[in-house]
Amino acid sequence: MFPGIPTCVEVSQEVTDYLEGDLPAWRRALTRMHLLGCSACRELVRQFTLVKGAVAGVPPAADDALAQDTRQDLLAHFAGGAPDEPDP
Ligand SMILES: [Zn+2]
């Protein structure tokens with residue numbers, strides 16, 4: 001039995017696999033055929049593509065780590081005594 005073009009529900013369930021290239025070639029081809037005739041699913045794929053790009057573009061939380069290091073340096077500095085303290 002040869003499966004037909006997937007429904008909108010099936011496309012929405014498989015959209016991540018479709019974008020990741022995890023669908024079998026025949027399934028991918030049928031999904032593309034569905035997308036050709038379905039603007040709603042094309043929009044869905046477009047939005048998933050945007051979300052994927054946004055997630056991939058987020059840098060690691062380097063700023064937080066840097067702020068923590070700076071805070072610890074300052075704490076260590078102040079714990080060692082004030083440098084401007086006048087000599088007796
Ligand atoms: Zn559809």
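A crossing of two helices is called left-handed if the near helix is turned anticlockwise from the far one by less than a right angle, and right-handed if the turn is clockwise. This distinction is applied below to the helices of a predicted model, in which the secondary structure comes to four helices and zero strands, so that the elements follow one another from the N terminus in the order α-α-α-α.

The confidence of the prediction varies along the chain. The mean pLDDT of the protein is 83, and 77% of its residues reach 70 or more. Among the elements, the highest mean pLDDT, 96, belongs to helix H2 (residues 25-37), while the lowest, 72, belongs to helix H4 (residues 62-79). Where pLDDT is low, the predicted coordinates should not be read in detail.

The packing of helix H1 was examined against two other helices, beginning with H2. The axes of H1 (residues 8-20) and H2 come within 11 Å of each other and cross at roughly 120°; because an angle that lies between 115 and 145 degrees falls outside the parallel, antiparallel and perpendicular classes, H1 and H2 are described as oblique to each other. Their crossing is left-handed. On the side of H1 the contact is made by Val 11, Glu 14 and Tyr 18, and on the side of H2 by Arg 28, Thr 31 and His 34, a set that divides into two nonpolar, two polar and two charged residues.

With helix H3 (residues 39-57), H1 packs at an angle of about 30°, the two axes lying 10 Å apart. Since angles under 35 degrees count as roughly parallel, H1 is roughly parallel to H3, and the crossing in this case is right-handed. The residues that meet are Cys 8, Val 11, Ser 12, Val 15, Thr 16 and Leu 19 in H1 and Ala 40, Cys 41, Leu 44, Val 45, Phe 48, Thr 49 and Lys 52 in H3. By class, this contact has nine nonpolar, three polar and one charged residues.

For the protein as a whole, buried residues make up 7% of the 88 residues. Of the contacts with a separation of 6 or more, 61% are accounted for by residues 24 or more positions apart. At the level of a single residue, Trp 26, which is found in helix H2, counts as exposed because it has 10 C-beta neighbours inside 10 Å, and 12 or fewer is the limit for that class. The C-alpha atoms of Trp 26 and Pro 3 are 9.5 Å apart in space, although 23 residues separate the pair in sequence.

Definitions and conventions
Residues are numbered from 1 along each chain as its sequence is written. This is a predicted model: local features need pLDDT of at least 70, side-chain atom pairs count only at pLDDT 80 or more; totals for chains, interfaces and linings use all residues. pLDDT is the predictor's confidence in each residue, from 0 to 100. A residue is buried if 20 or more other C-beta atoms lie within 10 Å of its own, exposed if 12 or fewer, and partly exposed in between; C-beta atoms are placed from the backbone. Axes are lines fitted to C-alpha atoms, for helices over the stretch in contact, and angles run from 0 to 180 degrees between N-to-C directions. Angles under 35 degrees count as roughly parallel, over 145 as roughly antiparallel, 65 to 115 as roughly perpendicular and the rest as oblique. Two residues are in contact if their C-beta atoms, placed from the backbone, lie within 7 Å. Ala, Val, Leu, Ile, Met, Phe, Trp, Tyr, Cys and Pro count as nonpolar, Asp, Glu, Lys and Arg as charged, and the others, Gly among them, as polar.
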